Amino acid sequence: MDRASGGGEAIVVGRAMVEAALRYAAKGWPVFPCAPRSKVPLFANPHPRHGVQRYRCRGYRDCGRLGHGVLDATTDPDLITGPMWGRCPTANIAVACGRPGPDVIDFDVAAGKPGLVSFARLRAAGLLRGVQALVTTPSGGWHLYFAGSAGGQGNGAVARYGVDFRGTGGYVLAPPSYTAHGRYVLADHRTPTGREVDFAAIRAFLDPPGTRRRHPPVRATDHSALVRWLRAQRPGNRNNALYWAACRAIESGAGASALAGLVDAAVGTGLSRREARRTVESAYRTA
Ligand SMILES: [Zn+2]
């Protein structure tokens, strides 16, 4: 992974951040700076902590000062090159989500979250059509960019499926931003179609209201095919693969011995036993 090295990033970054910020702004996406290596806005709120203005002020346009986070987001090149990145060229780039910015879905894999499994299921269900860009995040997850929706979908999450939606009022760090764990990297992009993503449909698909149930074990099922499939997985995908296999096994009524077989197969591919057990337990909680 392309990790930002400690100490030298100011030289590496140069004008790269401000130039990228200007490119986003030229697309019509409002941006604002976050602190270097951080997701926290660069400027502190300028209003007194308990004052009314702190809650009423709608950002730079209102009071002429920076420090309102996403409310300060702008496409104005003078503001971007001057007060924003002029003061701190290594500041990360936050893109404000929701029209005119993009809607973004964050597929999270940190702490064993099954974001990439959810991605595969949603894609197979046709719920991710219209992706404009795919950005890999420092934690190994993905950001999928879509056209900002006209209806203004707000932020939302289906946390246990590792899916986090950023719409109006939300923001994401965009390439070439970086944290202590690595960089945000544009991995793929396509010609925008204007097609919007429907987060309500995604939530309903992953977490259908009122239909969650456990299937009783109706018959002894042969799980050896899952074990074989698991053994063939690439190293980077082992944890997600184990999670997926465990979900399928649990759905089909697998008992403890079948799940232990999956843990053994995963350990055989190089996953630690502790990690494998944790992943299977997390599949149990989601199933
Ligand atoms: Zn203000």
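Is His47 buried or exposed? Keep that in mind as you work through the exercises below, which all concern a predicted model.

**Exercise 1. Describe the zinc site, from its donors to its geometry.**

Step 1. Start with the opening question: His47 has a relative accessible area of 4%, so this residue is buried.

Step 2. Find the partners of the metal. The zinc ion has four protein donors: NE2 of His47, SG of Cys57, SG of Cys63 and NE2 of His68, and they lie 2.0 to 2.3 Å from the ion.

Step 3. Look at the angles. The four donor atoms subtend angles of 102 to 116° around the zinc ion, and the arrangement is therefore tetrahedral. For comparison, the ideal angle for four tetrahedral donors is 109.5 degrees.

Step 4. Read the spacing along the chain. The donor residues follow the pattern H-x9-C-x5-C-x4-H. Among them, His47 and Cys63 link distant parts of the chain, 16 residues apart: His47 is in the loop between strand E1 (31–34) and helix H3 (53–56), and Cys63 is in helix H4 (residues 60–63).

Step 5. Check the surroundings of the other member of this pair. Cys63 has a relative accessible area of 24%, so it counts as partly exposed.

**Exercise 2. Work out which side of helix H8 faces inward.**

Step 1. List the buried residues. In helix H8 (residues 224–231) these are Leu226, Val227 and Leu230.

Step 2. Ask how they are spread around the axis. Their arc is only 100°, so they sit on the same side of H8.

Step 3. Recall a general point about helices. An α-helix has 3.6 residues a turn, so residues three or four places apart point the same way.

Step 4. Turn to the opposite face. Exposed Arg228 and Arg231 are carried on the face of H8 turned away from the buried side.

**Exercise 3. Trace the aromatic cluster that includes Trp29.**

Step 1. Begin with the total: there are six aromatic pairs.

Step 2. Take one pair. The ring centres of Tyr24 and Trp29 are 5.9 Å apart and the planes meet at 5°, so these rings are stacked. The cut-off needed here is that planes under 30 degrees apart count as stacked.

Step 3. Apply the reasoning again. Trp29 and Tyr145 have ring centres 5.7 Å apart and planes at 20°, so this pair is stacked too.

Step 4. Place the second pair in the chain. Trp29 lies in the loop between helix H2 (16–26) and E1, while Tyr145 belongs to strand E5 (residues 142–146); the pair links distant parts of the chain, 116 residues apart.

Step 5. Put the rings together. Tyr24, Trp29 and Tyr145 form one aromatic cluster. Both Tyr24 and Trp29 are buried; the relative accessible area is 9% for Trp29, and Tyr145 is buried as well, at 2%.

Step 6. Add a charge. Lys27 places its charged end over the ring of Trp29, 4.5 Å from the ring centre.

**Exercise 4. Compare the settings of two threonines, Thr75 and Thr279.**

Step 1. Locate Thr75. This residue is in the loop between H4 and helix H5 (77–84), and its relative accessible area of 37% makes it partly exposed.

Step 2. Find what Thr75 meets. Leaving out residues up to four places away in sequence, Thr75 touches Ala25, Gly28, Trp29, Pro30 and Ile80. Gly28 is 47 residues from Thr75 in sequence, yet their C-alpha atoms are 6.3 Å apart.

Step 3. Now locate Thr279. Helix H11 (residues 273–286) holds Thr279, which is buried with a relative accessible area of 5%.

Step 4. Find its contacts. With residues up to four places away in sequence left out, Thr279 touches Asn239, Leu242 and Tyr243.

**Exercise 5. Pick out notable backbone angles in the loops.**

Step 1. Look for cis peptide bonds. One joins Arg99 and Pro100, with omega about 10°, and Pro100 is in the loop between strand E2 (92–96) and strand E3 (103–107). The bond from Pro175 to Pro176 is also cis, with omega near 0°; Pro176 lies in the loop between strand E8 (171–174) and strand E9 (178–179).

Step 2. Look for positive phi outside glycine. Arg37 has phi near 65° and is in the loop between E1 and H3. Ala111 has phi near 55° and sits in the loop between E3 and helix H6 (115–124).

Step 3. Finish with accessibility. Arg37 is partly exposed at 31%, whereas Ala111 counts as exposed at 78%.

Conventions: Residues numbered from 1 in each chain as written. Predicted model: local features only at pLDDT ≥ 70, side-chain atom pairs only at ≥ 80, totals over all residues. Heavy atoms only, no water. Donors = N, O, S within 2.8 Å, 3.2 Å for Na, K, Ca; no water. Tetrahedral: all angles 85-135°; square planar, octahedral: opposite > 155°, others 65-115°. Helix = DSSP H or I, 4+ residues; strand = E, 2+ residues; numbered from the N terminus. Buried < 20%, exposed > 50% of the residue type's maximum accessible area, 1.4 Å probe, protein only. Arc of directions from axis to C-beta. Phe/Tyr/Trp six-rings, centres within 6.5 Å; stacked < 30°, edge-to-face > 60°. Lys NZ or Arg CZ within 6 Å of the ring centre and 35° of its normal. Contact = heavy atoms within 4.5 Å.
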